[in-house]
Amino acid sequence: MAQLFPLFSTNIVVDQIPNNEKFKEIIVPKLTSSNLDTKAPWAKHCHTSQQLADSEGLDVLQTELQLAVESYFSYLGCEPFKYEIRAWYNVHTSDMYQQTHHHMNGDELLSGIYYIQFDKEKDQPVVFINSNNTFATALKYKGLHPKFLEWDTDNTPDFSAQIQEGSLILFPPCTPHYVPKAKEPHDGLRISMSFNVCFLDTIEKVDDTNN
Ligand SMILES: [Fe+2]
């Protein structure tokens with residue numbers, strides 16, 4: 001009996017941060033009173049706005065973020081390790097968007113997006129792209145249309161999760177993704193915090209056996 005193995009999955013986790021309201025109260029007034037014209041160096045072709053996250057308010061989230069990050073690696077069977085979370089805020093008016101990019105630069109082992117303020121009816125979540133499409137592309141150009149490997153934009157296997165305020169998405173930093181503008185114009189701000197989990201060092205095991 002032949003078997004099909006759909007290999008090499010991308011591990012994306014969607015979680016919910018319980019402290020969102022508390023964090024939102026602290027951070028939204030600060031972000032909305034600042035300049036929306038700044039953007040990250042990588043985002044020069046995007047219509048977007050970023051500012052680095054300092055520690056203000058982050059202590060409210062710290063425990064939940066660490067728990068989510070460490071659960072992700074525990075699920076993969078990794079040993080605990082020392083890491084640093086480097087975060088930035090994205091503040092979008094309804095016409096702002098980010099073109100396809102990834103977060104892999106050096107020591108990043110995991111990336112995340114935490115939705116602080118998000119209109120479920122009008123705003124759109126991040127969209128992840130299938131980067132494993134070389135085989136599907138080859139079949140496509142021969143005029144074949146593989147049912148499970150389709151890559152064109154009309155029938156794409158790109159992934160977008162159902163999210164709400166307080167949702168946290170974790171994904172491998174090499175996963176290409178983009179952020180569409182809102183489904184319709186509105187006056188609200190879509191605010192998220194993106195971050196990378198950067199590897200610092202392994203944790204040495206303490207040998208507690210008595211020799
Ligand atoms: Fe991103």
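**Notes on a predicted model with two open sheets**

1. Let's start with helix H1, which lies across strands E3, E5 and E9 and runs at about 85° to E5. Helix H2 lies across a longer list of strands, namely E1, E3, E5, E7 and E9. Its angle to E7 is about 35°. Keep in mind throughout that this is a predicted model.

2. Now for the overall layout. The protein chain has three helices and nine strands. If you follow the sequence from start to end, the pattern reads β-α-β-α-β-β-β-β-α-β-β-β. The C-alpha trace spans about 70 × 55 × 30 Å along its principal axes. As for burial, 23% of the 211 residues count as buried.

3. The strands that H1 and H2 lie across turn up again in an open sheet of six strands, ordered E1-E7-E5-E9-E3-E2, with antiparallel pairing. At its edges you'll find E1 (13-16) and E2 (50-52), each of which pairs on one side only. From one strand to the next, the twist averages 25°.

4. Have a look at the E1 end of that sheet. E1 and E7 run antiparallel and are joined by four bridges. One pairing to pick out on screen is Gln 16, whose bridge partner in E7 is Ser 167.

5. There is also an open sheet of three strands, again with antiparallel pairing, in the order E4-E8-E6. Here the edge strands are E4 (98-101) and E6 (127-128), and each has pairing on one side only. Two bridges join E4 to E8 (residues 177-179), with the two strands antiparallel. To find your way in, try Gln 98, which stands opposite Val 179 in E8.

6. What about the inside? The largest nonpolar core has 30 residues, and the members that touch the most others are Tyr 114, Ile 116, Ile 169 and Leu 170. Two or more residues each come from helices H1 (20-32) and H2 (59-75), and from strands E3 (81-92), E5 (108-117), E7 (167-171) and E9 (190-202).

7. Ile 169 deserves a click of its own. Leaving aside residues up to four places away in sequence, Ile 169 touches Ile 12, Val 14, Gly 112, Ile 113, Val 126, Ala 161 and Ile 163. The wider contact pattern is worth noting too: among contacts between residues at least 6 apart in sequence, 87% join residues at least 24 apart.

8. Is helix H3 buried or in the open? H3 (residues 134-141) has eight residues and the number buried is zero, so this helix lies largely in the open. After H3 comes Gly 143, with a positive phi near 85°.

9. Just ahead of H3, the loop between E6 and H3 holds Ser 131. Why does Ser 131 count as partly exposed? Because there are 13 C-beta neighbours inside 10 Å of Ser 131, while a residue is exposed at 12 or fewer and buried at 20 or more. For a sense of distance, compare Ser 131 with Asn 19: they are 112 residues apart along the chain, and their C-alpha atoms are separated by 34 Å.

How values were computed. Residues numbered from 1 in each chain as written. Predicted model: local features only at pLDDT ≥ 70, side-chain atom pairs only at ≥ 80, totals over all residues. Pairing = 2+ DSSP bridges. Core = buried A, V, L, I, M, F, W, Y, C linked by C-beta atoms within 7 Å. Contact = placed C-beta atoms within 7 Å. Axes fitted to C-alpha atoms, helices over the stretch in contact; angles between N-to-C directions.
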